[in-house]
Amino acid sequence: MLTTNNPATMKTLSICLFYFIITSFSLIAQPTVDITYYLPSDVTYNPNIPAPSDIIGHEVGEWHVSHDKLVSYMYAVAEASDRITIEEIGKTYEGRPLLNLIITSLANQSNISEIKSQHLLLSDPEKSNSLETGSMPAVAYLGYSVHGNEPSGSNASMLVAYYLAAAQGAPIDKLLNETVIIIDPSFNPDGLNRFANYVNANKSSQINTDPNNMEFNEPWPRARTNHYWFDLNRDWLVTQLPESQARIKQFQSWKPNLLTDHHEMGSNSTFFFQPGIPSRNNPMTPKKNYELTRKMGEYHAKALDKIGSLYYTQESFDDYFYGKGSTYPDINGAVGILFEQASSRGHARETINGILTFPFTIRNQFTTSLSSLKALNEMRLEFLEFQRDFYVNSFNSAKSSAEKAIVFGSTDKYKNYRLAEIVNRQGIQIYNAKNPISINGIRYEPDEAYVIPLVQPKNKLIHAMFDTNTSFQDSLFYDVSAWTLPLAFNVDFAILNNKTYSPSYIGNSFDATKRPQGQLIGGVSKYAYVFEWNGYYAPRILSELLKNGYKVKVANEIFHAAGRKFEKGSILVPVAMQNRSEESMAASLKELALNNGIDIYSLSTGLDYEGVSLGSPSFENVENPKVILLVGDGVSGYDAGEVWHLFDQHYDMNLTLMPVDVFNRADIDKYNTLIMVDGNFQTISTSGQEKLKNWVRAGGLVVASQGALKYLDKVGLGKFKFTKSQQLDSLKSWKYEDINEFRGAQRIGGAIFQTKIDRTNPLFYGYTNDILPVFRNSEDFLEKAPGGFSNPMVYTENPLLSGYISSENLNRLKSTSAVGVSTYGRGRVIGFTDNLNFRAFWYGTNKVFMNAIFFGRDINRATSR
């Protein structure tokens, strides 16, 4: 049972947890726990090393540590111990430092650069065989609390640092001589601090353990996420966030043998450690990895048995998606271990297992941190040999394979660059194309394509990022079942074999400092400028122009100018309409072109006999979007955060994050665009609903996705009808034990599908292909509308590109609509069935979303459902 009155904890009265039930509301006295509650008693401790309480002003677990106090302690213990060096590896969006402590023996510290260099040779298959692993230290990376409201890990990290700095005796000497330990005390400083502030602010002197108490019910969007409400534990592979970029850079600079990832789960659980469900392992992970994981499990079990903690393993979670902290190491020659501790949510909470205290949760995390180090130390040679074999086998497999390289490219140079940047961050060798290259029959210039040789040590990681897969051992997934990056970026890609590949394709190594640059072609114009809409950052240029008062137009027909053809969606900037000098205008446009990788053309005439002339009524003024993003209870924080991040970080655009309760009472007439991401929106009041209708009727634009469509259909602001969900055959007998399996198999956790788009519709301006891959993680299938122009984006007859979907859902998905447009008075409601901004790396569909923002209010009424 998860209580703290286990005899193993009752060393002295000072560390007993006395629970005095005061009222029916389950009040208990303030728990009193000192450091001896946590620490092993079979070693002595150096009195010159400060304990956490000496620096943070309270015992560990008495309060939730704020990030600033956590940082203060880590610097203090590093200053006091010659076993520790500390470094800041990056900063969060809110400017908080990301710290790493490197802990090992003094002798190793004095030789740390050489130890690191030698260790990295284990991942070089052409040199690793000459290494003598018998004398090599293993490398452990201990990482804590990637979810800010799962704080027991970060609080335990102080105890781990103290123990490794202060413990004395032969066992700790052996551990430190044979191990380099990297402590990452807080994967998510912004979330951790947000949560600590909340629970500490709602803590009473007489601890209230009632789950209904405010302390255990943090407000939206909650502190699991980072500043932009992203789940950082889904970003290890795609590295779109600064916390992940710093962490992966450090990981790849050390290539540890072991990474531990300390989490929390539901309060009524116990404690989980890997291995997870065997049938849900990624087949690319070597079996030896699972053998090592199982062996380590015996160490965790023994340690938890000793302190009387309940636990389980192999019944939950999986090791399939390589974008998670505990699975990412598995495709990098290391072993990742997930720990999940039942969460106290605050300081002490009632559960089905009794009162669960915060100190108890911290002790389990601390205990399994030490059991992980003990296991690694005693299995050191196995781990080192496993890492060497992983890269040797991967390299040899690549050499014997007919597949020699992956190439990808598109005419959108910046989108290509962003994908190459992801690949490069993972330490994969990637090159610019040396000569023009054909990908799937399309010719790309050298600056439009990249080449990734497959005969390199990270061959497995490359396949993990680029392969498609539609066949699976299991139908249940903890997270997404597909993440094929070139599909996410909507770039052409191909695998080249012995016959189609030539080393002459390889140009210079990718250099992240050399970003694509555009130019102002034609110099100062007295007439007009134009730029194409196919570049990823075209919306950023348009937004910048509108913010600065430029009058711009969008082309709804093809035209010719400057010796080339401009497609629909191109942006025209007439000189005479601007209240600024020709020279300053040219200078501004030149800078925009340079910074956004998009060429801007200077025009001297508006006459076009092949298409339309520049004064044609088919050019429409573009209005500056004044955007509300509805947020708050009932709204997906993830989806809302992705939109916020897209606007703020990708496109430098303003939007108002408006809580639904504020929307209910606010005057919204100064806005012209409203975004509603996935959610139920039940908290929109009756008056708010009427206000919304009136606003749309007067010309407002609603851009909605997923669950928001059901709300809009219900209140009469759109016609979004979905197919009926899959039901059990009521006449067939089913086993009780199959309930969860059946339901899980019908869930689309995340897969990639093919749609066909109408590129003449403004929603798809800037696209060069009629086929567009989309990400889907819902089972809501939008019926086709009867209008001939009303289905501009439709799932194809064979839509599955990569990932899992049940056969029943696949049949339901075929030929359904992916977007619907409704008119309401003078306004428009645009509804997408899918999340076009998924996890910040789904670059391929971002432009559809932005097209809706910029061009949606002028879409022809004939497209209405």
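Two strands count as paired here if DSSP finds at least two bridges between them. With that in hand, welcome to these close-ups of a predicted model.

**View 1. Confidence along the predicted chain.** Before zooming in, a word on how far to trust the picture. The mean pLDDT of the chain is 94, and 95% of the residues reach 70 or more. One stretch calls for care: over residues 1-25, pLDDT stays under 50. The model still has 61 contacts for this stretch that reach beyond four places in sequence. Where pLDDT is low, the predicted coordinates should not be read in detail.

**View 2. A mixed, open sheet of 6 strands that starts at E30 and ends at E36.** Reading across the sheet, the order is E30-E29-E31-E32-E37-E36. Strand E30 (656-659) and strand E36 (819-824) are its edges, each pairing on one side only. Direction ignored, neighbouring strands are turned by 20 degrees against each other on average. At one edge, E36 joins strand E37 (residues 827-832) in antiparallel fashion through 6 bridges. To find one of these pairs in the structure, look for Val821, whose bridge partner in E37 is Ile830. Helix H17 (residues 637-650) packs on this sheet, where it touches strand E29 (627-631), E30 and strand E31 (673-676). The direction of H17 makes about 155 degrees with that of E29.

**View 3. Helix H23 across the E30-to-E36 sheet, and an unusual residue after H17.** Helix H23 (residues 843-855) lies across E29, E31, strand E32 (701-705) and E37. It runs at about 160 degrees to E32. While you are here, follow the chain from H17 towards E30: the loop between them holds Asp652. Although Asp652 is not a glycine, its phi is positive, at about 55 degrees.

**View 4. A second mixed, open sheet, with helix H15 packed on it.** This sheet also has 6 strands, in the order E21-E27-E22-E26-E23-E28. The edges are strand E21 (520-521) and strand E28 (619-621), and each pairs on one side only. Inside the sheet, strand E23 (residues 553-555) runs antiparallel to strand E26 (residues 571-574), and 2 bridges join them. Val554 has Ile571 of E26 as its bridge partner. Helix H15 (residues 538-547) packs on the sheet and touches strand E22 (528-531) as well as E26. The directions of H15 and E22 make about 150 degrees.

**View 5. Helix H15 meets H23.** The axes of H15 and H23 are 11 Å apart, and the helices pack at an angle of about 25 degrees. Angles under 35 degrees count as roughly parallel, so H15 and H23 are roughly parallel to each other. Their crossing is left-handed. From H15 come Pro539, Leu542, Ser543 and Leu546, which meet Lys847, Met850, Phe854 and Phe855 of H23. By class, this contact holds 6 nonpolar, 1 polar and 1 charged residues.

**View 6. Helix H15 meets H16.** H15 also packs against helix H16 (residues 582-596), with axes 10 Å apart and an angle of about 150 degrees. An angle over 145 degrees counts as roughly antiparallel, so H15 and H16 are roughly antiparallel to each other. H15 passes H16 in a right-handed crossing. In this contact, Arg540, Ile541, Glu544 and Leu545 of H15 meet Leu589, Leu592, Asn595 and Asn596 of H16. The classes here are 4 nonpolar, 2 polar and 2 charged residues.

**View 7. Helices H9 and H11 side by side.** The axes of helix H9 (residues 287-307) and helix H11 (residues 380-400) come within 11 Å and cross at roughly 160 degrees. H9 and H11 are therefore roughly antiparallel to each other. The crossing is left-handed. H9 brings Lys288, Asn289, Leu292, Lys295 and Met296 to the contact, while H11 brings Glu382, Phe383 and Phe386. Together these residues divide into 4 nonpolar, 1 polar and 3 charged.

**View 8. Two cis peptide bonds that end in proline.** Most peptide bonds are trans, which makes this last view worth a pause. The bond from Trp220 to Pro221 is cis, with omega near 5 degrees. Pro221 sits in the loop between strand E8 (207-208) and helix H8 (242-254). A cis bond also joins Gln274 and Pro275, with omega about 25 degrees. Pro275 belongs to the loop between strand E10 (271-273) and H9.

Methods
Residues are numbered from 1 along each chain as its sequence is written. This is a predicted model: local features need pLDDT of at least 70, side-chain atom pairs count only at pLDDT 80 or more; totals for chains, interfaces and linings use all residues. Side-chain values use heavy atoms; hydrogens and water are left out. Helices (H or I, at least four residues) and strands (E, at least two) are DSSP runs, numbered from the N terminus. Contact means heavy atoms within 4.5 Å. Axes are lines fitted to C-alpha atoms, for helices over the stretch in contact, and angles run from 0 to 180 degrees between N-to-C directions. pLDDT is the predictor's confidence in each residue, from 0 to 100. Angles under 35 degrees count as roughly parallel, over 145 as roughly antiparallel, 65 to 115 as roughly perpendicular and the rest as oblique. A crossing is left-handed if the near helix is turned anticlockwise from the far one by less than a right angle, and right-handed if clockwise. Ala, Val, Leu, Ile, Met, Phe, Trp, Tyr, Cys and Pro count as nonpolar, Asp, Glu, Lys and Arg as charged, and the others, Gly among them, as polar.
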